[in-house]
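Q: Could we go through this one together, feature by feature? I'd like to see how each kind of contact is read.

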Amino acid sequence: MINWKLATGIFITVGLTCCGPKNNSDNAEKEGSVETVLPTEEAEVRTETLRTIDFEHELVSNGRISAQQIAELQFVSTSAGNVPVKIFVKNGDRVAAGTAIAMLDTFQLSNGYLQAEDNLQKAYLELQDVLIGQGHSLADSASIPEDVLKLANIRSGYNNAKIQYDLAKYNLDNATLRTPIAGTVANLFSKPYCAIDASEPFCTIISEGQPEVDFRILENEMPLIKTGDKVKVQSYASPDIESAGSIAGINPSVDKDGTVRVKAYVQPHAKIFNGMNVRISVFRSLGKQWVVPKTAVVLRTGKQVVFAYKDGKAAWNYVDTGLENATHYTITSKSLQEGDEIIINGNEHLADGTTVKLMED
């Protein structure tokens, strides 16, 4: 026979064993669902009135400064022996257009010019003899048929002599190197009486007008800028060195990397040099919008929240952020209203309904 008392005891024991863990699981799940615990002390906060204002979007990029006009100067003749015997300037000097920079040794150039001049005179006499032999005279060159005069020039060697003479005169005239533009002397490393490398510029003249900055933006950022937008450039070496300007042109072509080249002109600055790497900020007004400091937006349960100050308590409001600059976001919200006091500092550990007090200025 079945011992009913024993069986009943076993069923009761099993029932208790099954029910015990279930109660513990329910308690743990309930405790885990508490996402935010209200602090026991009042939090000090700073607020700002939510207003619709003009939002200035900021787009940041990297670029390089360059002068609008640069002249790389080279001597036209650097044959053997033609070394600079005099250098009149040094790096950093400011020069006007036409200023003499350096002068070559002209001994060989002068001899070459004299020889070319002598050869030209001989060719001229030979040309006269050829024309006289055909019954013409140079004194009446207008009456000489064009084909006859052309043939006489070739036979006498006059054309070739004239070419050589012009070249020798050009080389001699350009033995003194002069700058075609006003600016500052740079990259001058040659020494007097030393041979120079004909493949390299003797020096560079950098104009002192408005410098330009060349930078790139992403293809999807093109709608955010336009010609005339304000820019600010800052030196990476010294962030306190900055200059303002505006966008001068946008290249209407996207390169293989998906970027677009942009050029801006900025105001001259004594410590902004040609070739300097800079940080560029492009600013553009995007009209009236709700704008809040970035410190006002915090994350709660994985969503963006802005706390509003109402009757001594913090009330959270879900928001969606839009565009941004270095310090602010544009936002939209279904619960916030124009004129609400939003908490911009002291909101790191706030929860909905936390008692708060305003900071004293």
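Q: How far apart, in helical turns, are lysine 169 and aspartate 173 in helix H4?

A: Bear in mind that we're reading a predicted model. Lysine 169 and aspartate 173 are four residues apart in helix H4, so about one helical turn separates them. Their side chains meet in a salt bridge, with 3.1 Å from N to O. Lysine 169 is partly exposed at 35% relative accessible area, and aspartate 173 is partly exposed too, at 49%.

Q: How many salt bridges does the structure hold, and which distant parts of the chain does the pair of lysine 230 and glutamate 56 link?

A: A salt bridge here needs a side-chain nitrogen of Lys or Arg within 4 Å of a carboxyl oxygen of Asp or Glu. The structure holds twelve of them. One of these joins lysine 230 to glutamate 56, with the closest N and O atoms 2.9 Å apart. That pair ties strand S11 (residues 230-235), home of lysine 230, to strand S2 (residues 52-66), where glutamate 56 sits, across 174 residues. Lysine 230 counts as partly exposed at 46%, and glutamate 56 is partly exposed at 33%. Lysine 90 and aspartate 93 also form a salt bridge, 3.1 Å from N to O; lysine 90 is exposed, at 52% relative accessible area.

Q: Now the rings. Why is the pair of phenylalanine 75 and phenylalanine 202 edge-to-face?

A: A pair of aromatic rings is described by the distance of the centres and the angle of the planes. The count here comes to five aromatic pairs. For phenylalanine 75 and phenylalanine 202, the centres are 5.3 Å apart and the planes stand at 70 degrees, so the pair is edge-to-face. The two rings come from distant parts of the chain, 127 residues apart: phenylalanine 75 is in the loop between strand S3 (70-73) and strand S4 (84-87), phenylalanine 202 in the loop between strand S8 (183-186) and strand S9 (203-206).

Q: Are phenylalanine 75 and phenylalanine 202 buried or exposed?

A: Phenylalanine 75 counts as buried at 9% relative accessibility, and phenylalanine 202 counts as buried at 4%. For another angle, take tyrosine 124 and tyrosine 158: they form a tilted pair, 6.2 Å centre to centre with 55 degrees between the planes. This one links helix H2 (residues 107-133), through tyrosine 124, to helix H4, through tyrosine 158, 34 residues apart. Tyrosine 124 is partly exposed at 38%.

Q: Which residues form one aromatic cluster, and which charged end sits over the ring of tyrosine 318?

A: Phe307, Trp316 and Tyr318 make up the cluster. The charged end of lysine 303 sits over the ring of tyrosine 318, 5.2 Å from its centre. Likewise, lysine 294 places its charged end over the ring of tyrosine 329, 5.4 Å from the centre.

Q: Let's turn to the backbone. Where are asparagine 187 and tyrosine 193, and what is the phi of each?

A: With phi, look for positive values outside glycine. Asparagine 187 has one near 55 degrees, and tyrosine 193 has one near 65 degrees. Asparagine 187 lies in the loop between S8 and S9, as does tyrosine 193. Asparagine 187 is partly exposed at 43%, whereas tyrosine 193 is exposed at 63%.

Q: Last one: which residues make a nonpolar surface patch of about 280 Å²?

A: Val76, Leu167 and Tyr170 make it. Tyrosine 170 brings us back to helix H4 (residues 158-173), and it counts as partly exposed at 45% relative accessibility.

Conventions. Residues numbered from 1 in each chain as written. Predicted model: local features only at pLDDT ≥ 70, side-chain atom pairs only at ≥ 80, totals over all residues. Heavy atoms only, no water. Patch = residues over 30% accessible without salt bridge, like charges linked within 9 Å, V, L, I, M, F, W, Y side chains within 5 Å. Areas by Shrake-Rupley, 256 points an atom, 1.4 Å probe, with all protein chains shown as cover. Helix = DSSP H or I, 4+ residues; strand = E, 2+ residues; numbered from the N terminus. Buried < 20%, exposed > 50% of the residue type's maximum accessible area, 1.4 Å probe, protein only. Phe/Tyr/Trp six-rings, centres within 6.5 Å; stacked < 30°, edge-to-face > 60°. Lys NZ or Arg CZ within 6 Å of the ring centre and 35° of its normal.
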